[in-house]
Amino acid sequence: MKIILDVKDEKASFMMEVLKNFKGVKATQLTGHKADVLEGIKEAVEEVKLIKQGKLKGIPAKDLLNELAII
């Protein structure tokens, strides 16, 4: 199982040491870029869920592709 923790910078070293002392736990620190990418994916999944529930309006794929071509 994977668990993601959001820890303040000043507590990060302490938390990593605590986690490393548990048998069977492998603790890996994410780089800022990887954390940003992961957060973006999480937000996208939440948006898709809201669109499927009808709580948020999506845009057609054709419009999205046209918008990306302009950029």
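I began with the salt bridge in this predicted model, and found E46 paired with K49, the closest N and O atoms lying 3.8 Å apart. I noted that this distance falls within the 4 Å that a salt bridge requires, and that the structure holds one salt bridge.

I then asked why E46 and K49 are separated by about one helical turn. The two are three residues apart in helix 2, so about one helical turn lies between them. For background I wrote down that side chains of opposite charge can pair when their charged atoms come close.

Next I looked up how far each partner is covered. E46 has 40% relative accessibility and therefore counts as partly exposed, and K49, with a relative accessible area of 44%, is partly exposed.

I turned to L50, which I located in helix 2, residues 32-52. Its relative accessibility is 34%, so I entered L50 as partly exposed. Leaving aside residues up to four places away in sequence, I found that L50 touches K55 and L56. I also checked L50 against E10, 40 residues apart along the chain, and their C-alpha atoms are separated by 35 Å.

My last entry concerns surface charge. Which residues form the negative surface patch? I listed D6, D36, E39, E43 and E47. I placed D6 in the segment before helix 1, which spans 9-20, and because its relative accessibility is 82%, D6 counts as exposed, the cut-off for that class being over 50%.

How values were computed
Residues are numbered from 1 along each chain as its sequence is written. This is a predicted model: local features need pLDDT of at least 70, side-chain atom pairs count only at pLDDT 80 or more; totals for chains, interfaces and linings use all residues. Side-chain values use heavy atoms; hydrogens and water are left out. Helices (H or I, at least four residues) and strands (E, at least two) are DSSP runs, numbered from the N terminus. Buried means under 20% relative accessible area, exposed over 50%, partly exposed in between (1.4 Å probe, protein chains only). Contact means heavy atoms within 4.5 Å. Patches are made of residues with over 30% relative accessible area and no salt bridge: like charges are joined within 9 Å, nonpolar side chains (Val, Leu, Ile, Met, Phe, Trp, Tyr) within 5 Å. Accessible areas come from the Shrake-Rupley method with a 1.4 Å probe; for residues, only the protein chains shown count as cover. A salt bridge is a side-chain nitrogen of Lys or Arg within 4 Å of a carboxyl oxygen of Asp or Glu. Lys and Arg count as positive and Asp and Glu as negative; His and the chain ends are not counted. The place of a charge is taken as NZ of Lys, CZ of Arg, CG of Asp or CD of Glu.
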